[in-house]
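I opened a fresh page today to keep track of what I look up in this fold. Here are my entries, in the order I made them.

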Amino acid sequence: MILDRAIVRLLPAVPRPVVQKLSERYIAGAELKDARETVRRLNAQEKMATIDVLGEEITNEDEAAAIVRAYLDVFADIERCKLDSNVSVKLTGLGLTLGHDICRANLETVVVDAASRGNFVRIDMEDSSTTDDTLQLYRELRAAGHDNVGVVLQATLRRTLSDIRDLADLRPSVRLCKGIYVEPPEIAYRDFGAVRANYVRSLEALLDAGCYVGIATHDEWLVGEGKRLVKERGLEPAQYEFQMLLGVRDDLGGRLVRERHRLRIYVPFGRQWYEYSIRRLQENPRIAGYIAADTIGRFVPGRRNGA
Ligand SMILES: Cc1cc2nc3c(=O)[nH]c(=O)nc-3n(C[C@H](O)[C@H](O)[C@H](O)COP(=O)(O)OP(=O)(O)OC[C@H]3O[C@@H](n4cnc5c(N)ncnc54)[C@H](O)[C@@H]3O)c2cc1C
């Protein structure tokens, strides 16, 4: 446990090739064809997908435009290959830090293309410096008549219940997650139990407001609470979904599918894999073991394949 925490702090110093190897299970690959194959495999297991083009480190308009083009390629591919998948976008990847208008235009291009193909765009939620802008852009798109778009809310944030009340008039499609970013205690719950409690309260509020919810968690207790809350409200499987990340808790996901709940898997792909990988590895409770095994594999001949 102490070793785990130390390694989490040191992760940014771990060589990139090691990070890349460790994160293979969380990322479909570098190219669209890798995402396609992963989604095909998931669909064959009766799991839906949401494809994420990795690219949050953009610094100029051309890079944001490249991300937009990548999403248009994704939609064309989903349609051509008849995949059961929507997409998830990060507004920083679409130019949020470059300016509101640039980001809005890019987001609208993606959403309009999705609509023309009967598809849907989920706007991921990033750190708290982006929450207001993200919700504002979501409102603007809905006000402009785009209904094939949804947002993400984070149970870690103290403001989330209030955001649910503010958004309720839109009956938003919401992915509810705990929230991955480390935020100051003034605005975020730090205690594990408090985050869980806020998750349950937020889920109840969303369901009671008639929202379609993506219950995004691998926390078995919360999955149980999610099942209880949808059952109490007599919801059909088509009226909500569970969501999980590629490479995390396949066992729990498989169980949900066998119980006839809908499950969507988050499938990231792209060349800019590093930031995403670090975040996933920092959450992995067995990270110390993986890194130790990998390191040993580098120094003990013949050990690598078996590690
Ligand atoms: C589909 C989806 C989309 C998401 N989108 C966003 C978003 O837009 N914004 C945002 O801030 N966060 C997002 N997240 C991340 C989320 O906020 C949490 O950080 C993450 O899901 C871990 O929280 P948890 O609810 O699974 O509970 P935890 O208590 O963190 O995890 C429960 C259990 O799951 C397993 N587990 C969790 N993570 C890993 C891992 N990396 N490797 C191996 N095992 C693991 C462990 O067994 C752990 O005990 C998303 C998560 C999902 C599932």
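**Entry 1: a strand pair.** I began with Gly214 and looked for its bridge partner in E7, which turns out to be Glu241. I kept in mind that this is a predicted model. Gly214 sits within strand E6, residues 213–216. I then looked up how E6 and E7 (residues 240–245) run, and found them parallel, joined by four bridges.

**Entry 2: the whole sheet.** Next I asked myself in what order the strands close into a barrel. I followed eight strands round, E1-E2-E3-E4-E5-E6-E7-E8, with parallel pairing. From one strand to the next I noted a twist that averages 30°.

**Entry 3: helices on the sheet.** I turned to helix H3, residues 32–44, and found it lying across strands E1 (48–53), E2 (85–89) and E8 (263–269). Its angle to E8 is about 165°. Helix H6, residues 131–143, also packs on the sheet, where I saw it touch E3 (121–123) and E4 (149–154). The direction of H6 makes about 155° with that of E4.

**Entry 4: Tyr26.** I wanted to know where Tyr26 is found, and located it in the loop between helix H2 (16–22) and H3. Is Tyr26 buried or exposed? I count it as buried because 21 other C-beta atoms lie within 10 Å, and the cut-off is 20 or more. I then checked its company, leaving aside neighbours within four places in sequence: Tyr26 is in contact with Leu245, Leu246, Gly247, Ser277 and Arg280. I looked at Gly247 in particular, which is 221 residues from Tyr26 in sequence, yet their C-alpha atoms are 4.9 Å apart.

**Entry 5: helix H5.** I finished with H5, residues 100–116, a helix of 17 residues. From its first C-alpha to its last I get 24 Å, close to the 24 Å expected at 1.5 Å a residue. Which residues of H5 are buried? My list reads Cys103, Arg104, Asn106, Leu107, Val110, Val111 and Ala114. Looking down the axis of H5, I see these buried residues fall within an arc of 165°, so they line one face of the helix. On the face turned away from that buried side I found the exposed residues Asp101 and Ser116. I also looked up what covers the buried residues, and the cover includes helix H4 (61–80), E2, E3, H6 and E4. My last note here is on Gly118, which follows H5 and has a positive phi, near 70°.

Conventions. Residues are numbered from 1 along each chain as its sequence is written. This is a predicted model: local features need pLDDT of at least 70, side-chain atom pairs count only at pLDDT 80 or more; totals for chains, interfaces and linings use all residues. Two strands pair if DSSP finds at least two bridges between them. Helices (H or I, at least four residues) and strands (E, at least two) are DSSP runs, numbered from the N terminus. Axes are lines fitted to C-alpha atoms, for helices over the stretch in contact, and angles run from 0 to 180 degrees between N-to-C directions. Two residues are in contact if their C-beta atoms, placed from the backbone, lie within 7 Å. A residue is buried if 20 or more other C-beta atoms lie within 10 Å of its own, exposed if 12 or fewer, and partly exposed in between; C-beta atoms are placed from the backbone. The expected span of a helix is 1.5 Å times one less than its number of residues. The arc is that of the directions from the helix axis to the C-beta atoms.
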